[in-house]
Amino acid sequence: MKELLLISRAVRGDRDALEQLVRLYYEKIYNYIFLRVCDRTLAEDLTQDVFVKLTKNIHSYVPTASFSAYLYRIAHNRVVDYYRTAKPSEEIPETKAAPDKLASVDAKLDVYAVLSALPPEQRECIILYYLQELTYREISQILDIPIPTAKSRVQRGLAASKKMMEEKT
């Protein structure tokens with residue numbers, strides 16, 4: 001409920017409410033972007049870009065979609081734009097999990113390897129669903145895909161991940 005009030009106030013131009021929203025979402029958006037670019041400095045820069053865009057366009061937010069989906073969509077588009085304008089020789093790095101998400105080093109390495117081996121569409125959905133804890137509806141809004149597609153990508157990615165983990169043991 002407090003979030004809805006902050007959003008409403010921010011849309012009407014309340015800078016304090018907007019700052020509170022930034023504080024509320026900054027770490028989540030940073031972690032999401034870091035998982036995509038695997039570079040802390042670049043992730044910080046892109047995260048800043050996301051919140052600058054939010055600040056400029058908060059008035060265009062329509063409350064029919066969840067605010068987090070709206071914000072993740074901005075982040076997704078910013079990462080896509082970054083890779084679109086990156087030098088052709090730069091490849092999208094393999095996805096890595098945020099350092100504070102997993103307990104042991106071995107588990108982190110296993111997750112890195114499994115995520116890296118997944119197709120990009122499945123990897124993106126797995127990150128959003130399991131690491132960012134978003135719903136299928138939010139994923140569909142962020143990636144502009146139907147809800148069943150988001151669900152099937154998560155399920156296929158999970159099945160492929162399980163298969164890879166079983167093969168390792």
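The following legends describe close-up views of a predicted model.

**View 1. Overview of the all-helical chain, with 8 helices and 0 strands.** Read from the N terminus on, the elements of the protein follow the order α-α-α-α-α-α-α-α. Of the 169 residues in the protein, 38% are buried, and the protein exposes about 9,800 Å², of which carbon and sulfur atoms supply 53%. Among the contacts in the protein with a separation of 6 or more, 58% are made by residues 24 or more positions apart.

**View 2. The largest nonpolar core, which holds 46 residues.** The members that touch the most other members are Ile29, Ile33, Val37, Leu54, Phe67, Leu71 and Leu128. Two or more residues are given to this core by each of α1 (2-11), α2 (15-37), α3 (40-57), α4 (67-85), α6 (120-131), α7 (136-143) and α8 (147-168), and the largest share, 11 residues, comes from α2. Once the neighbours within four places in sequence are left aside, Leu54 is in contact with Leu18, Phe67, Tyr70, Leu71 and Ile74.

**View 3. The aromatic pair of Tyr26 and Phe51, one of the 10 aromatic pairs that the structure holds.** A pair of aromatic rings is described by the distance of the centres and the angle of the planes. For Tyr26 and Phe51 the centres are 5.7 Å apart and the planes differ by 25 degrees, and the pair is stacked. Tyr26 belongs to helix α2 and Phe51 to helix α3, so the pair ties together parts of the chain that are 25 residues apart in sequence. Tyr26 counts as partly exposed, at 26% relative accessibility, whereas Phe51 is buried, with a relative accessible area of 5%.

**View 4. The aromatic pair of Tyr32 and Tyr72, which is edge-to-face because the ring planes stand at 85 degrees.** The ring centres of Tyr32 and Tyr72 are 5.5 Å apart. With Tyr32 in helix α2 and Tyr72 in helix α4, the pair links distant parts of the chain, 40 residues apart. Both Tyr32 and Tyr72 are buried.

**View 5. Further arrangements of aromatic rings, beginning with the cluster formed by Tyr25, Tyr61, Phe67 and Tyr70.** Within this cluster, Phe67 and Tyr70 are among the residues that Leu54 contacts, and Phe67 is also one of the core members that touch the most other members. Elsewhere, a charged side chain is placed over a ring: Arg40 lies over the face of Phe34, at 4.9 Å from the ring centre.

**View 6. Two residues with positive phi that are not glycines, Cys38 and Glu133.** Cys38 has a phi of about 55 degrees and sits in the loop between α2 and α3. Glu133, for which phi is likewise positive at about 55 degrees, is placed in the loop between α6 and α7. Glu133 counts as exposed, because its relative accessibility is 65% and the exposed class begins over 50%.

**View 7. Side-chain contacts with backbone oxygens, made by Thr85 and by Ser161.** In helix α4, the side chain of Thr85 reaches the backbone oxygen of Tyr82 at 3.2 Å; Thr85 is exposed, with a relative accessible area of 67%. In helix α8, the side chain of Ser161 reaches the backbone oxygen of Gly157 at 2.7 Å. In contrast to Thr85, which is exposed, Ser161 is buried, with a relative accessible area of 12%. When residues up to four places away in sequence are not counted, Ser161 touches Val114 and Leu118.

**View 8. The surroundings of Gln122, a residue of helix α6.** Gln122 counts as buried, because its relative accessibility is 15% and the buried class lies under 20%. Apart from residues up to four places away in sequence, Gln122 touches Arg153, Arg156, Gly157 and Ala160. Gly157 thus appears in two views, since its backbone oxygen is also reached by the side chain of Ser161.

Key. Residues numbered from 1 in each chain as written. Predicted model: local features only at pLDDT ≥ 70, side-chain atom pairs only at ≥ 80, totals over all residues. Heavy atoms only, no water. Core = buried A, V, L, I, M, F, W, Y, C linked by side-chain atoms within 4.5 Å. Buried < 20%, exposed > 50% of the residue type's maximum accessible area, 1.4 Å probe, protein only. Helix = DSSP H or I, 4+ residues; strand = E, 2+ residues; numbered from the N terminus. Contact = heavy atoms within 4.5 Å. Polar contact = N/O pair within 3.5 Å; in protein donor to acceptor, adjacent residues only side chain to side chain. Phe/Tyr/Trp six-rings, centres within 6.5 Å; stacked < 30°, edge-to-face > 60°. Lys NZ or Arg CZ within 6 Å of the ring centre and 35° of its normal. Areas by Shrake-Rupley, 256 points an atom, 1.4 Å probe, with all protein chains shown as cover.
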